[in-house]
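Work through the exercises below with the sequence and the coordinates open. Each task is followed by a solution in steps.

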Amino acid sequence: MAAPRWKTIVERALLKDSKQNTIQLATLDRDAARFGVDLIPRVRSHVFRRFLSSPNTPSLPLIITSTDIRSAKATQLTEVSHKAELVWWLESTVQQLRIICDVYVVPSPKHPLASKFQELLLESSPSSALSIFRDKDWEADRVDLFRSMSPRMKASWCRPIPGSQLSPNENLKNWPTEIHDPAEGHSEGDKNSPEYEEAQRHWEFALENFATIIIDPLEVDYVDAKMKAIFRKKYSEDRGMIWEEEELVL
Ligand SMILES: Cc1cc2nc3c(=O)[nH]c(=O)nc-3n(C[C@H](O)[C@H](O)[C@H](O)COP(=O)(O)O)c2cc1C
């Protein structure tokens, strides 16, 4: 069992240019009545963080990104459908991948949606990539992912609710611009200082809002436009942990 061909395509393109780490993720939104429909697609950019695959089952990798649990997409993925599609445009190799996927949101264990993720994890089909990671410590993984973010990026999880109206009285200067682990910048003696308390409050609030997003790919539509004859292929996971390949008309 080898890594799927589509994953190798992405890895090769990232080796050529690691800046191609922006993917677009489309979900379904029920807030659609004003457009005269029950559901409307919503799409947005995400930073690809890494692949997660098991050495025993490299054919079923997961894709990891992150979000703010208060964002609209988290509601769409948990309340409307966890089926989504992502598109990855790889400019350096002139390739496009469109990936139909199951998407799971992993919030802080204190968040009401944490039990929903645990349920989905337990119910995951034994042939899914997610089920391979049923025993993984997803909370430790979430904290590690948060720690890997830059101090400026960490501060983005400390803002008011994403997408909420910016109040005219809101002073943007009061929002922290960087967040650091209070344990790293302060000695034992500092622990009662107002600076330490503020740093601790910001760290905890940002970490509470931070969520891992797990993308479990189900089907990949691949277009290679760099060849003289542009070609298109479909990779489908046949639920037997093997990806089948089929050539398509462009
Ligand atoms: C280059 C780029 C990368 C982004 N990466 C992320 C990301 O990794 N996670 C995220 O939640 N939002 C990311 N965003 C912001 C989203 O695209 C989006 O504007 C925001 O999350 C609100 O989306 P929502 O209202 O549909 O939840 C990124 C935006 C840009 C322009």
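The exercises go from the whole chain to single residues, and the model they use is a predicted one.

**Exercise 1. The chain as a whole**

Task: State how many helices and strands the protein chain has, and describe its extent and its contacts.

Solution:
- Step 1. The secondary structure comes to eight helices and nine strands.
- Step 2. Along the principal axes, the C-alpha atoms fill a box of roughly 65 × 50 × 40 Å.
- Step 3. Of the 250 residues in the chain, 25% are buried.
- Step 4. Take the contacts between residues at least 6 apart in sequence: 60% of them join residues at least 24 apart.

**Exercise 2. The annotated segment**

Task: Find which feature UniProt places at residues 4-105, and give the secondary structure content there.

Solution:
- Step 1. An unreviewed UniProt entry gives residues 4-105 as "domain: Pyridoxamine 5'-phosphate oxidase Alr4036 family FMN-binding".
- Step 2. Over residues 4-105, helix accounts for 21% of the chain and strand for 51%.
- Step 3. The C-alpha atoms at the ends of this segment are 24 Å apart.

**Exercise 3. Strand pairing**

Task: List pairings of strands 1 to 5, with a bridge partner for each where one can be named.

Solution:
- Step 1. Strand 1 (22-29) is joined to strand 2 by eight bridges in the antiparallel sense. Asp-29 has Ile-40 in strand 2 as its bridge partner.
- Step 2. Strand 1 also runs antiparallel to strand 5, with three bridges between them. Here Ala-26 stands opposite Glu-85.
- Step 3. Strand 3 (residues 50-54) and strand 4 are antiparallel and share four bridges. Two residues lie between these strands, which form a hairpin, and Phe-51 has Ile-63 as its bridge partner.

**Exercise 4. Strand 6 and the nonpolar core**

Task: Decide whether strand 6 is mostly covered or uncovered, then identify its neighbours and the core residues with the most contacts.

Solution:
- Step 1. Strand 6 spans residues 95-106, and nine of its 12 residues are buried, so by the cut-off of 20 or more other C-beta atoms within 10 Å the strand is mostly covered.
- Step 2. Eight bridges pair strand 6 with strand 5 (residues 83-90) in the antiparallel sense. One bridge pair is Leu-86 with Ile-99 in strand 6.
- Step 3. Strand 7 (residues 210-224) is antiparallel to strand 6 and is joined to it by 12 bridges. Val-105 faces Ile-213 of strand 7 in this pairing.
- Step 4. The largest nonpolar core has 42 residues, and the most contacts inside it belong to Leu-86, Val-103, Val-105 and Ile-215.
- Step 5. Leaving aside residues up to four places away in sequence, Val-105 touches residues including Ile-69, Leu-77, Leu-113, Phe-117 and Ile-213.

**Exercise 5. The shell around the ligand**

Task: Describe which residues are closest to the ligand, and where the shell comes from.

Solution:
- Step 1. The ligand is surrounded by 15 residues, the closest being Arg-44, Thr-67, Ser-71, Ala-72 and Lys-73.
- Step 2. At least two shell residues come from each of strand 2 (40-47), strand 4 (57-68) and helix 2 (72-80). Strand 2 gives the largest share, five residues.
- Step 3. Sorted by class, the shell has three nonpolar, eight polar and four charged residues.

**Exercise 6. Three loop residues**

Task: Classify Val-94, Asp-31 and Pro-168 as buried, partly exposed or exposed.

Solution:
- Step 1. Val-94 lies in the loop between strand 5 and strand 6. With 14 other C-beta atoms within 10 Å, Val-94 is partly exposed.
- Step 2. The phi of Val-94 is positive, about 55 degrees, although this residue is not a glycine. Most residues other than glycine have a negative phi.
- Step 3. Asp-31 is in the loop between strand 1 and strand 2. Asp-31 is partly exposed because it has 13 other C-beta atoms within 10 Å. Its C-alpha atom is separated by 9.4 Å from that of Gln-76, 45 residues apart along the chain.
- Step 4. Pro-168 sits in the loop between helix 6 (151-155) and helix 7 (182-185). Pro-168 is exposed because it has 5 other C-beta atoms within 10 Å. Between the C-alpha atoms of Pro-168 and Ser-187, 19 residues apart along the chain, the separation is 38 Å.

Note on methods: Residues are numbered from 1 along each chain as its sequence is written. This is a predicted model: local features need pLDDT of at least 70, side-chain atom pairs count only at pLDDT 80 or more; totals for chains, interfaces and linings use all residues. Two strands pair if DSSP finds at least two bridges between them. A residue is near a molecule or strand if its C-beta atom, placed from the backbone, lies within 6 Å of it. Ala, Val, Leu, Ile, Met, Phe, Trp, Tyr, Cys and Pro count as nonpolar, Asp, Glu, Lys and Arg as charged, and the others, Gly among them, as polar. UniProt positions are given in the numbering used here, feature names are shortened, and annotations may be inferred rather than shown by experiment. Two residues are in contact if their C-beta atoms, placed from the backbone, lie within 7 Å. A nonpolar core is a set of buried Ala, Val, Leu, Ile, Met, Phe, Trp, Tyr and Cys residues joined through C-beta atoms within 7 Å.
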